[in-house]
Amino acid sequence: MFGESQLFWYKIVFVGELLLSESMFVFRLKRRKLFLLRVLVSLAALGALAVFFPLFSWSYNAAYSSFLFISLFAATLGAIAFCFRESFVNILFCGIAAYSVQHIAFQFYNLIVNIFGINNDVPINIYGDAANQNNLFTWLIYFMTYSIVYWLTYVLFASRIEKNSDMRIRSFSLLLLLGFTVLVCVVLNAVITYVSYDNYSAVMMICVEISIIISGLLSLSVQFGLLTNREIKEELDSVYHLWHQEQKQFASAKVNIDLINLKCHDLKHQIRKIGSTSSVSESVMREIENAINIYDSAVKTGNGSLDVILTEKSLLCSANKITFTVVANGGRLGFMNDVDLFTLFGNAIDNAVEAVMKLPEEKRIISLTTNENGELFSVNIRNFYLGGVTFEDGLPVTTKGDRDYHGFGMKSIKRIVEKYGGNISIVAGGDVFNLNLLFGTDGTVL
């Protein structure tokens with residue numbers, strides 16, 4: 001009834017189609033070390049699996065065919081995990097989207113050949129007789145339809161996945177439901193194909209193919225709609241957080257201006273004193289030096305944007321009698337945009353300032369240092385603290401009542417570090433709190 005050669009060859013073609021579709025969604029994700037070697041090993045393993053996946057005399061039915069293709073799909077997900085350093089959710093997200101695209105292209109091809117009655121003496125699908133389908137015209141249609149579908153879905157969906165994207169959506173159960181929907185479409189298509197083989201109806205197959213194409217497009221739309229909703233929520237959280245930051249910035253700027261005005265007043269007083277006495281005592285000189293020190297707070301790291309942030313924080317520390325030392329090569333952070341620099345270092349130093357303000361003056365010390373070792377670039381922010389910090393998911397838990405806002409700062413730091421492919425670690429022991437950030441020297445994924 002069914003030619004064994006067609007199913008044998010198509011399972012190999014299917015793996016190629018699926019890998020090409022998956023590559024559109026995953027090529028911007030974080031790659032593991034020895035990436036090219038991993039890809040070659042994965043291709044060899046998947047090719048061998050496709051060739052040697054067993055076919056028996058009883059294999060030509062909807063149940064085994066569905067099992068065959070779902071198993072090959074699961075194997076490609078394993079290959080993605082082997083090549084890319086990504087979470088299970090990210091891999092599943094890309095895999096479901098890719099399988100939807102492959103199945104849409106497959107149904108689109110069948111729809112065209114059915115509408116135009118090409119080789120209408122047999123159904124044009126993977127279960128038919130290979131000899132009747134293997135001709136130049138059908139291969140031309142095949143390449144054209146797959147190219148159009150893949151290109152359109154890349155433009156509409158896959159291109160929205162950016163480098164170091166986070167595809168963790170709030171409704172994981174809905175993502176699983178979408179994946180289940182795609183698999184149901186695959187199984188139902190197999191059932192209908194086998195049932196209709198002896199009593200073939202082009203009209204029925206066209207209706208089925210249109211339905212599956214629409215289902216696939218709806219699944220992709222909902223899936224990426226979930227991703228968009230998550231991104232919008234993150235943007236709203238950022239706006240909310242920045243609003244609070246602006247309030248803090250205003251308060252900080254007012255303190256700095258008051259401090260500068262005070263120092264200017266001190267200078268005017270000392271200058272008048274010098275003019276009236278025509279002499280300068282050591283105590284007066286010391287007072288003048290202290291007054292001028294406020295203007296010596298500028299930080300130079302080689303990164304203009306970082307210099308502005310650190311200079312402002314240095315003035316804040318000076319106003320609160322905090323010793324703030326910086327030994328940093330900011331030029332190595334050129335891969336990071338200004339907003340992320342501001343948010344990352346602003347939050348980190350504000351947290352440190354808040355911690356040391358609870359301590360006596362002699363322990364109000366904050367240090368920021370960077371270090372470069374080969375392809376790695378590290379940032380360390382260290383300060384004393386009272387202790388008693390508790391952690392949740394690797395991050396310290398705020399002791400303030402409004403956890404929705406105050407917990408956002410450290411989460412924001414973690415999100416920015418991971419956005420640039422870096423790692424974050426926190427070591428809190430004794431009375432010293434260490435925030436450690438690790439990046440590739442050019443912002444590449446570690």
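## A mixed sheet, its helices and some salt bridges

The protein's secondary structure adds up to 13 helices and seven strands. Keep in mind that this is a predicted model. Of its 446 residues, 44% are buried. Take the contacts between residues at least 6 apart in sequence: 76% of them join residues at least 24 apart. The exposed area is about 22700 Å², and carbon and sulfur atoms supply 63% of that.

Now for the sheet. Five strands make an open sheet in the order 1-2-3-7-6, with mixed pairing. Strand 1 (323-327) and strand 6 sit at the edges with a single partner strand each, so one side of each has no neighbour in the sheet. From one strand to the next, the twist averages 15°.

Two helices pack on this sheet. Helix 10 (residues 304-319) touches strand 1 and strand 2 (365-373), and its direction makes about 155° with that of strand 1. Helix 11 (residues 338-356) touches strand 1, strand 2, strand 3 (376-384) and strand 7, with its direction at about 25° to that of strand 3.

At the other end of the strand order, strand 6 (residues 423-429) and strand 7 (residues 432-440) run antiparallel and are joined by seven bridges. N423 has L438 in strand 7 as its bridge partner, while A428 stands opposite F433. The hairpin of these strands has two residues between them, and G430 takes a positive phi near 65° there.

On to charges: the structure holds seven salt bridges, including these.

| Pair | N to O distance | Relative accessible areas |
|---|---|---|
| E361 and K321 | 3.8 Å | E361 46%, K321 55% |
| D340 and K419 | 3.0 Å | D340 6%, K419 33% |
| K363 and D431 | 2.4 Å | K363 26%, D431 29% |

What does the salt bridge of E361 and K321 tie together? E361 is in the loop between helix 11 and strand 2 and K321 in the loop between helix 10 and strand 1, so the pair ties together parts 40 residues apart in sequence. E361 counts as partly exposed, and K321 as exposed.

With D340 in helix 11 and K419 in helix 13 (residues 408-419), their pair ties together parts that are 79 residues apart in sequence. Here D340 is buried, at 6% relative accessible area, whereas K419 is partly exposed.

K363 and D431 bring us back to the hairpin: D431 lies in the loop between strand 6 and strand 7, and K363, 68 residues away, in the loop between helix 11 and strand 2. K363 is partly exposed, and D431 is partly exposed too.

Methods: Residues numbered from 1 in each chain as written. Predicted model: local features only at pLDDT ≥ 70, side-chain atom pairs only at ≥ 80, totals over all residues. Heavy atoms only, no water. Helix = DSSP H or I, 4+ residues; strand = E, 2+ residues; numbered from the N terminus. Buried < 20%, exposed > 50% of the residue type's maximum accessible area, 1.4 Å probe, protein only. Contact = heavy atoms within 4.5 Å. Areas by Shrake-Rupley, 256 points an atom, 1.4 Å probe, with all protein chains shown as cover. Pairing = 2+ DSSP bridges. Axes fitted to C-alpha atoms, helices over the stretch in contact; angles between N-to-C directions. Salt bridge = Lys/Arg side-chain N within 4 Å of Asp/Glu carboxyl O.
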